[in-house]
Amino acid sequence: MGEINAGQAIVNALRAEGVSHVFGMPGGHVLPLYDAIHRTPGISSFLVRHEHHAAAMAAAYAQLTGEPAVVLVTAGPGVTNTLTAVAEAYVGALPMIVLGGRGATATAHRGASQEVATDQVFAPVTKWSVRVDRADLLTDVLRQGFARARGGRPGPVLIDIPRDLLTLDVPDKPYLPVGPPARPAADQPAVDAAAAALAAARSPLLVAGGGVASSGAFDELRALAERLSAPVLTSLAGRGSLPDDHPLAAGGLGAHRNPVAKRLLAEADVVLGLGTRFEEMETNWQPTALPSPDATYIQVDIDPAELGRAIPAHVPVNGDIKRVLEQLLTALPEDTHASPGRTERLLQDITALDAAVDRMALDDRAPIHPARVIRTARSVFPRDTVLGVDVGALAQHIGGAFPFFRVYRPRSVITPSSFYGMGFAAAALPAARLVHPRRPALCFVGDGSFQMVMNIVPMAAQYGLAVTWCVLNDDALGSIRDLQEHTYGNRIQDTEFPFQPDFARLAEACGAYGERVDDPAAVPDALKRALAQNAAGRPAVLDFAVARTRLAQTREHYFTTYPQDD
């Protein structure tokens, strides 16, 4: 057995695991890894302008593919700058490998430059955070990292590598990749109990979360919904699990629900939750946003710790979503049939809801109604567009709400989970064009969130990652300003922007197309110009001056969390 440089051994292992994209920023501690990437065909590195964006793009890669991408950053601030996006991946169950540099082993605990115990810093927000102090163990630890990132409930892994290890030679031994994760079935008695409850239900309801996407259970979800004639609600992470033009697609949860979804949840006598948590930012755990106390709640999750964690489950089922849905379809009695009348009523309700959204979009007053931008974007951009949904009352509660911008394919949405870091989706968006080079990608983002991450634009321009950011600009930190207006006696403090940069000119300075849109009549042509620029390989920033319009579910969501003063 010969020997090989440790940095090269790591990159060879990455290639064996199927990694083709590495997101990051070089530093002295990790240059041997960058040098190995330079010498290795089939793997490319992408230079971000801030390390947060590297982890955000890796998280988006996981959302769109189900596979872990790799973040490569230097020691100290290089690693800690990724923390927020890594936490987002942890909460959202997104696999990721973070390779972080660290000071040399000889200088450990001696106050070396950029020395900080990053393995301890990241321990609460990773599935595994480990420091490696022997060069010959690096690839073995990497293999364990991939196994943990992919297996069970997916998530990020941090591998902390002292810089001197990367320059050493190690045995050039064969690397055996981890391969796909196990897909455990559930215990049959739990499946039988769930099947019996669903078979006896008069008004069953399915709620699809990110776990459906993680397990690739799209066909099985559709089959069960059609078998039961059960409407399907989705969390933001579950958007696209059932095409939004399917007759049983009905909307979302909490602040991004609609009146139809609210009614369906209240009326359901059996609710089947699939890889979803009914977490606080979706529901506030308020009675009107949760299954009825009289309903039977069945919760399916691959992580046993999630069962009953947010709300008690009458029938907890531990297993992979795809496998459990296969088991349920087999276990349902043969005389379990769909109820056509229920589907017909849902179609009528969704048709009426669509008409109401269309009326919003026809509003021709200035500032522009956000629904006009979002609805028009859906008509201009192709059916297979990848959608990014950032946080906030405009981007998330309208842009992410069914049926404003319909999503027709699985794994076509980039969105934060319940960690809700501002700018996460906007920073992550360029990854969409790496995963799907021929599909457009569009992100709705507020002006506050965009200012946090707008240095993603030159990176996208450099690599020709031609995406469009639609900035829904209301000159404020909108949702927090709402609370000051309605809960704190309209005492507005630090939530409005009396000065805003010119986003369009900034975009042009970064090599992208930029346009400011103030006239509602100009919205369609602006979106068409952005799409044309994308087709030519150029990213675009459209700065829409929008009204501070809020949906009823947004107001209800916030005011139940933060009751108004007397």
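Okay, let's start with a charge and a ring: the charged end of R383 sits over the ring of Y408, 3.8 Å from its centre. There's another such case in this predicted model: R143 has its charged end over the ring of Y175, 4.5 Å from the centre.

Now, rings with rings. How many aromatic pairs does the count come to? It comes to 6. Take F278 and Y297: their ring centres are 5.7 Å apart and the planes sit at 80 degrees, so we call that pair edge-to-face. F278 is in the loop between β12 and α12, while Y297 is in strand β13, so the pair ties together parts that are 19 residues apart in sequence. Both F278 and Y297 are buried.

Next up, F450 and W469. This pair is tilted, with 6.4 Å from centre to centre and 55 degrees between the planes. F450 belongs to helix α19 and W469 to strand β18, so here too parts 19 residues apart in sequence get tied together. Are these two buried or exposed? F450 is buried, at 2% relative accessibility, and W469 is buried at 0%. Oh, and F23, F46 and Y463 form one aromatic cluster.

Last stop, helix α14, residues 340-361. Its 22 residues should span 32 Å at 1.5 Å a residue, and the end C-alpha atoms are indeed 32 Å apart. Its buried residues are R342, L346, D349, I350, L353, D354, V357 and A361. They cover an arc of only 145 degrees around the axis, which puts them on the same side of α14. Why would that happen in a helix? With 3.6 residues a turn, residues three or four places apart point the same way. That buried set packs against β9, β11, α11 and α15. On the other side of α14, the exposed ones are P340, E344, L347, Q348 and R359.

Methods:
Residues numbered from 1 in each chain as written. Predicted model: local features only at pLDDT ≥ 70, side-chain atom pairs only at ≥ 80, totals over all residues. Heavy atoms only, no water. Helix = DSSP H or I, 4+ residues; strand = E, 2+ residues; numbered from the N terminus. Expected span 1.5 Å × (residues − 1). Buried < 20%, exposed > 50% of the residue type's maximum accessible area, 1.4 Å probe, protein only. Arc of directions from axis to C-beta. Contact = heavy atoms within 4.5 Å. Phe/Tyr/Trp six-rings, centres within 6.5 Å; stacked < 30°, edge-to-face > 60°. Lys NZ or Arg CZ within 6 Å of the ring centre and 35° of its normal.
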